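Trainee: Please take a close look at the largest pocket, in particular at what lines the pocket, and then place the surrounding elements in the fold.

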Amino acid sequence: MPPSDMPDLLFLPGFMLTDALWDDMRDGLAAMGRCHFGDLSQDGSIVAMAERVLRDAPPRFVLFGFSMGGFVAQQIMRQAPERVLALGLLNTSSRPQTPREMAQHLAQIELARGIPFKGLASRQLAASVHPSRCGDSALLGRLQAMALQNGKEVFLRQMGALRGDDPAGLEQIRCPTLIVTSSDDALRSMAESEHMAQRIAGSRMVVIPDCGHMTPLEKPDELLAEIGWLLERM
């Protein structure tokens with residue numbers, strides 16, 4: 001496909017991740033479209049993150065949001081649905097934070113303010129991947145490297161970006177939509193993906209087997225195939 005005919009693909013990372021999240025997929029993605037990577041490190045709310053992404057984005061694009069980036073993607077659909085050609089919601093949710101989760105996040109923010117930032121805790125990293133890979137030092141090292149690159153101020157901003165639910169927003173999504181969940185995701189449940197799939201008319205939900213939360217790093221080839229399916233539906 002000539003570059004001029006290729007779609008613009010816009011990717012949004014998750015909490016304390018960078019565009020290195022997509023490194024194992026870059027060659028395959030570049031064959032499908034012109035890749036752009038949104039910056040979610042500068043703002044302290046989902047709404048502000050979405051506004052920044054839209055300011056920097058091409059006029060029209062295919063949007064992929066991973067984990068926290070999926071909440072930003074849903075906000076983009078509320079702000080500028082006419083700019084989104086197709087949507088991928090990857091290992092994410094539309095569920096709002098519970099009061100308990102909010103309290104836990106606020107406690108973590110207060111604790112983090114007073115101590116040096118040394119990256120994410122080892123238990124957090126291990127919980128984000130398939131149980132068979134919780135001892136994979138190379139994989140966990142890649143995740144930690146992204147967290148350290150972001151640093152303390154990004155940690156504080158992203159922890160403070162509390163989420164809200166808007167079911168009507170999901171029901172108004174009309175573009176081709178792919179919802180990806182994983183069989184062993186300990187951070188986002190399959191029920192959360194099913195909730196989104198039920199509310200987005202015509203969406204397709206797929207389950208990546210033998211995979212934890214970090215699908216782009218754990219199962220890049222399988223995820224690439226699903227992205228290809230979505231692009232063929234445009």
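Mentor: For the composition of a lining, Ala, Val, Leu, Ile, Met, Phe, Trp, Tyr, Cys and Pro count as nonpolar, while Asp, Glu, Lys and Arg count as charged and the others, Gly among them, as polar. The model is predicted.

The largest pocket holds about 830 Å³ of space. Its lining is made of 30 residues, and these divide into 15 nonpolar, 10 polar and 5 charged. Nearest the centre of the largest pocket lie Phe15, His105, Gln124, Leu187 and Arg188. Among the elements, H3, H4 (99-113), H5 (122-127) and H6 (137-159) each contribute at least two residues to the lining.

Two of those helices also serve the second largest pocket, since H4 and H5 are the elements that give two or more residues to the lining there as well. The volume of the second largest pocket is about 350 Å³. Of the 13 residues lining the second largest pocket, Gln108, Leu111, Gly119, Gln124 and Phe155 lie nearest its centre. Gln124 thus appears in the central group of both pockets. H4 gives the most to the lining of the second largest pocket, with 3 residues. By class, the lining of the second largest pocket comprises 8 nonpolar, 3 polar and 2 charged residues.

H3 leads from the largest pocket to another helix. The axes of H2 (residues 46-56) and H3 (residues 68-79) come within 8 Å of each other and cross at roughly 70 degrees. H2 is therefore roughly perpendicular to H3, the range for that term being 65 to 115 degrees. On the H2 side the contact is made by Ile46, Val47, Met49, Ala50, Glu51, Val53 and Leu54, and on the H3 side by Met68, Phe71, Val72, Gln75, Ile76 and Gln79. These contact residues divide into 10 nonpolar, 2 polar and 1 charged.

Next comes the sheet. Six strands form an open sheet with parallel pairing, in the order E2-E1-E3-E4-E5-E6. E2 (34-37) and E6 (204-208) are the edge strands, each with a single partner, so one side of each has no neighbour in the sheet. From one strand to the next the twist averages 20 degrees.

Within the sheet, E3 (residues 61-66) runs parallel to E4 (residues 84-90), and 6 bridges join the two strands. Val62 has Ala86 of E4 opposite. E4 is also one of the strands that H8 (residues 190-199) lies across, together with E5 (177-182) and E6. H8 runs at about 170 degrees to E5. H8 thus reaches an edge of the sheet, as E6 is one of the strands under H8 in that list and stands at an edge.

Definitions and conventions
Residues are numbered from 1 along each chain as its sequence is written. This is a predicted model: local features need pLDDT of at least 70, side-chain atom pairs count only at pLDDT 80 or more; totals for chains, interfaces and linings use all residues. Side-chain values use heavy atoms; hydrogens and water are left out. Axes are lines fitted to C-alpha atoms, for helices over the stretch in contact, and angles run from 0 to 180 degrees between N-to-C directions. Helices (H or I, at least four residues) and strands (E, at least two) are DSSP runs, numbered from the N terminus. Angles under 35 degrees count as roughly parallel, over 145 as roughly antiparallel, 65 to 115 as roughly perpendicular and the rest as oblique. Contact means heavy atoms within 4.5 Å. Two strands pair if DSSP finds at least two bridges between them. On a 1 Å grid over the protein atoms alone, a cavity is a set of points where a 1.4 Å probe fits but cannot get out, and a pocket is an open set with protein on both sides within 12 Å along at least five of seven lines; lining residues have an atom within 4 Å of a point. Grid points are joined across faces, edges and corners, and a volume is the space filled by probe spheres set on the points.
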